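Subject: Model handover

Hello,

Here is the structure for your files. Please open it alongside these notes.

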Amino acid sequence: PTDKRAKEAFLNTLNNSMQSIVVFAAFLALLSCFASGQTVSTNTICVESFTNSNPFQGPTTQVNDPNDGSGNVFVLFLSGGRISAVNKTTGVVAPVPIINLNAIASLQDSGAYSFILHPQFASNRRLFAYYTCPDEECSAYCEDDDWCNGATCDTDANVCVKPASESKYFVNVVEEYNYPLGAANATLVRRLTTVPFLDVVQGGGFYINGSTLFIGIGDGSFANDTYRNPQNINRTAGKLLAFDIDTVNANPLPGRNFSVPSDAPFASVSKFPEIYALGLRQPYKILSERGRILISDIGENLVEELNEFKRGANYGWPTYEGSIPYLNVTLAQYGSVLTYPAIPIDHSVYSGQPIALMPAGFYEGSDTCLKGKFVIGNFGGAIHSVNVDTEAVTPLQFKCAANSANCNVTNPNEPFLIYDVSKDAQGEFYFSITSAGVLRTVPLSRCNLQCTSDSSSSSRNTVATTTGQSSGNSVVVSASLCLFALFLAFF
């Protein structure tokens, strides 16, 4: 009996000790549950100001990474058209621009639109630019009014002129430059073509495949395709154009300084054999992502479009916006079967914001939780990821990294507008922002955050809001840890 009582006393003491240990473990678990900065949800992107000591003056529209060992990226400024080298590590802007395009930006949707580096830029140093040229410095060759996309052709001088009834006239140009490694400036090689407009000029998406340079040209109208250009096979506005940039043509077509690609689909039926596809509104960007080529076409009232790149395609504008009937305009009799968007983004996603799609592509940088996500920005400031299979969109938010002095995503006195999202050779994104210069993605640890399972397919939990911008530190919790702690404490 004595041994039995001693055994029971020992077991009771052991049981009490175990209960104390469990309670203490629950207490520690609850403390860790509410500790900030342990995990982060999929809706948070950590960014830093890319311009620590030299903030950009005026909005930027594009960042390109030459990946040539120089340690620089090239940045395009909308107003004035400067293309400058910027050190990727320090953010210091070179004092002398690589190119000064002397572009104008006197109207919405005009100015320095885009530039592209040749895929073999590290060895051949070729780059191409598309911008609005002051009309007193540039003229557009024409043979009739169709060449002028709504303006008038002076057939005596063979140049497009502004009709007396119009107050505006613009000439956009596509040019090739060469930038030798170590040189202070790039040199103009040739002006490939001119594209005249009466209204907004738009477009500017570039893509190079082999010897062919592709560029998207907008419809030239502020709204509702005033000049009926995209479905007119004999006008260049509202089209995807293709230039053979490697073949030397001893007898180039009038007004052009390039050869026509051998696979041009409309060469036998159009005044402009360089037309490769039609029915576009504002083809702002062309992405090559994981074996797919997508044309980003900015919508008008209903849908933003990501279209599959196709030879001879008719993307429908303005007869259709996306797959929705829009204006009573007869489709061109030429072209393949009508091509609807591969990924449509309904305007309801951006309720209350000015809308223009700024796609970035798949993220491949240092944020392991964001890695593999297809990210899209919006001109109005929102940022989302989109499932390219289901078309579902998820809101994202910015958070500034610690010790990034000029990073600001919450200034209520300045518009937070996204002009473009670019990607460097390491897969990091560069967001060109009106009020904040350029923001670059950085590891989550810079924001005192980490990924729950440190994998691109992980699910992360947070009580932070899911708006386009983040105003402060999020209260971040791990749901599984909290449930475990509560179980220990009460059961």
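Strand 17 (residues 292-297) and strand 18 (residues 303-308) run antiparallel and are joined by four bridges. Strands here are DSSP runs of E, at least two residues long, numbered from the N terminus. Strands count as paired if DSSP finds at least two bridges between them. Within this pair, D297 sits opposite E305 of strand 18.

Some ground rules. This is a predicted model, where local features need pLDDT of at least 70, side-chain atom pairs count only at pLDDT 80 or more, and totals for chains, interfaces and linings use all residues. Residues are numbered from 1 along each chain as its sequence is written, and side-chain values use heavy atoms, with hydrogens and water left out.

Strands 17 and 18 belong to an open sheet of four strands, in the order 16-17-18-21, with antiparallel pairing. Its edges are strand 16 (283-289) and strand 21 (343-346); each has a single partner strand, so one side of each lacks a neighbour in the sheet. On average, neighbouring strands of this sheet are turned by 15° against each other, direction ignored. The axes behind that angle are lines fitted to C-alpha atoms, and angles run from 0 to 180 degrees between N-to-C directions.

Now strand 7. What are its partners? Strand 6 (residues 112-117) pairs with strand 7 in the antiparallel sense over five bridges. There, F115 stands opposite A129 of strand 7. Strand 10 (residues 170-178) also pairs antiparallel with strand 7, over eight bridges. Y130 has V174 in strand 10 as its bridge partner.

Strand 7 (residues 126-133) has eight of its eight residues buried (under 20% relative accessible area, 1.4 Å probe, protein chains only). It is therefore largely enclosed by the rest of the structure.

Best regards

Methods. Buried < 20%, exposed > 50% of the residue type's maximum accessible area, 1.4 Å probe, protein only.
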